[in-house]
Amino acid sequence: MARLTVNNQPLEFRLEPDTPLLWALRDAANLTGTKYGCGTGECGACMVIVDGQAMPSCTLSLGEAEGRSVTTIEGLSTDRNHPVQQAFVAEQAIQCGFCTSGLIMAAEALLARNTDPTEADIGVALTNICRCGVYPRLVRAVQRAGRAMRHEETLTPVPAPATATTPGL
Ligand code: FES
Ligand code: FES
């Protein structure tokens with residue numbers, strides 16, 4: 001059993017303490033925006049923010065996360081309109097999207113410390129692997145999100161997904 005705060009909600013996981021946080025989030029808390037890639041802490045697909053630091057959730061155990069505050073992509077905003085999300089869409093820094101939530105969480109952790117990162121700062125902080133190769137757009141997106149956070153630019157709200165259902169269908 002482990003108690004932690006996830007997206008500002010206190011949660012108690014009745015799982016073994018050596019369960020990777022990734023599987024607790026995905027399988028027990030149904031927070032499936034956090035992805036599984038390598039499982040060895042290298043690709044960043046599973047990145048979440050733990051007490052302000054971006055961390056791979058595949059190598060952090062539930063026991064190690066006990067008492068800590070975890071933010072996942074679902075906790076970033078309720079309407080997909082966090083500045084980092086808006087900037088990723090504006091710069092089209094998304095192709096297949098598998099790496100995107102991890103990248104966004106790593107970018108958010110960086111921008112919380114420094115809203116004006118250089119390309120080198122971004123390269124050091126965002127070591128996530130994107131096999132689609134969005135890296136140049138990623139740099140532009142992170143810097144654009146920083147400008148929005150500094151109130152130097154207003155980003156366009158992300159449109160709602162076209163998933164509304166028609167009554168009776
Ligand atoms: S799945 Fe965790 S770093 Fe790759
Ligand atoms: S957008 Fe496909 S892996 Fe990054």
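The following exercises, with worked solutions, concern the fold of a single predicted chain.

Residues are numbered from 1 along each chain as its sequence is written, and chains are lettered from A and ligands numbered from 1 in the order in which they are written. In this predicted model, local features need pLDDT of at least 70 and side-chain atom pairs count only at pLDDT 80 or more, while totals for chains, interfaces and linings use all residues.

**Exercise 1. Overall fold**

Determine how many helices and strands the chain has, and in what order the elements run.

Solution.
- Step 1. Elements are DSSP runs numbered from the N terminus: helices are H or I with at least four residues, strands are E with at least two.
- Step 2. On this basis the chain has seven helices and five strands.
- Step 3. Read from the N terminus, the order is β-β-α-β-β-α-β-α-α-α-α-α.
- Step 4. The radius of gyration (over C-alpha atoms) is 16 Å, close to the 15 Å of the globule rule for 169 residues, so the chain is as compact as a globular protein of that length. The rule is 2.2 Å times the number of residues to the power 0.38.
- Step 5. The C-alpha trace spans about 50 × 45 × 30 Å along its principal axes.
- Step 6. A residue is buried if 20 or more other C-beta atoms, placed from the backbone, lie within 10 Å of its own, exposed if 12 or fewer, and partly exposed in between. Buried residues account for 43% of the 169 residues.

**Exercise 2. The sheet**

State the strand order of the open sheet and identify which strands stand at its edges.

Solution.
- Step 1. Strands pair if DSSP finds at least two bridges between them. The five strands form an open sheet in the order β2-β1-β5-β3-β4, with mixed pairing.
- Step 2. β2 (9–13) and β4 are the edge strands; each has a single partner strand, so one side of each is left without a neighbour in the sheet.
- Step 3. From one strand to the next the twist averages 40°; axes are lines fitted to C-alpha atoms, for helices over the stretch in contact, and angles run from 0 to 180 degrees between N-to-C directions.
- Step 4. β1 (residues 2–6) pairs with β2 in the antiparallel sense over five bridges, and threonine 5 stands opposite proline 10 in β2.
- Step 5. Helix α5 packs on the sheet and touches β3 and β4, its direction making about 30° with that of β3. Contact here requires C-beta atoms, placed from the backbone, within 7 Å.

**Exercise 3. Strand β3 and the loops**

Identify the bridge partners of isoleucine 49 in β4 and β5, and state which residues other than glycine take a positive phi in the loops of the two hairpins. The loop residues concerned are asparagine 7 and aspartate 51.

Solution.
- Step 1. β3 and β4 pair in the antiparallel sense over four bridges; in β4, isoleucine 49 has alanine 54 as bridge partner.
- Step 2. β3 also runs antiparallel to β5 (residues 69–71), to which two bridges join it; in β5, the bridge partner of isoleucine 49 is threonine 71.
- Step 3. Met47 and Ile49 point one way from β3, Val48 and Val50 the other way, and all are buried.
- Step 4. Aspartate 51 lies in the loop between β3 and β4, with a positive phi near 45°. Aspartate 51 is exposed, with 12 other C-beta atoms within 10 Å.
- Step 5. Asparagine 7 lies in the loop between β1 and β2, with a positive phi near 50°. Asparagine 7 counts as partly exposed, with 18 C-beta neighbours inside 10 Å.

**Exercise 4. Helix α4**

Establish whether helix α4 is enclosed or open, and what covers its buried residues.

Solution.
- Step 1. Six of the eight residues of α4 (residues 83–90) are buried, so the helix is largely enclosed by the rest of the structure.
- Step 2. Those buried are Pro83, Val84, Gln85, Gln86, Ala87 and Phe88.
- Step 3. Their cover includes α3 (73–76), α5 (100–113) and α7 (135–149).
- Step 4. Just after α4, glutamine 92 takes a positive phi of about 50°.

**Exercise 5. The two domains**

Describe the side of domain 1 that touches domain 2.

Solution.
- Step 1. The chain is divided into domain 1 (2–74) and domain 2 (83–149), with bounds from an automatic or database domain assignment.
- Step 2. Their C-alpha centres lie 21 Å apart, and the contact takes 14 residues from domain 1 and 14 residues from domain 2.
- Step 3. On the domain 1 side, β3 (47–50) and β4 (53–56) each supply at least two residues; β3 gives the most, with three residues.
- Step 4. The residues of this side divide into eight nonpolar, five polar and one charged. Ala, Val, Leu, Ile, Met, Phe, Trp, Tyr, Cys and Pro count as nonpolar, Asp, Glu, Lys and Arg as charged, and the others, Gly among them, as polar.

Conventions: Two residues are in contact if their C-beta atoms, placed from the backbone, lie within 7 Å.
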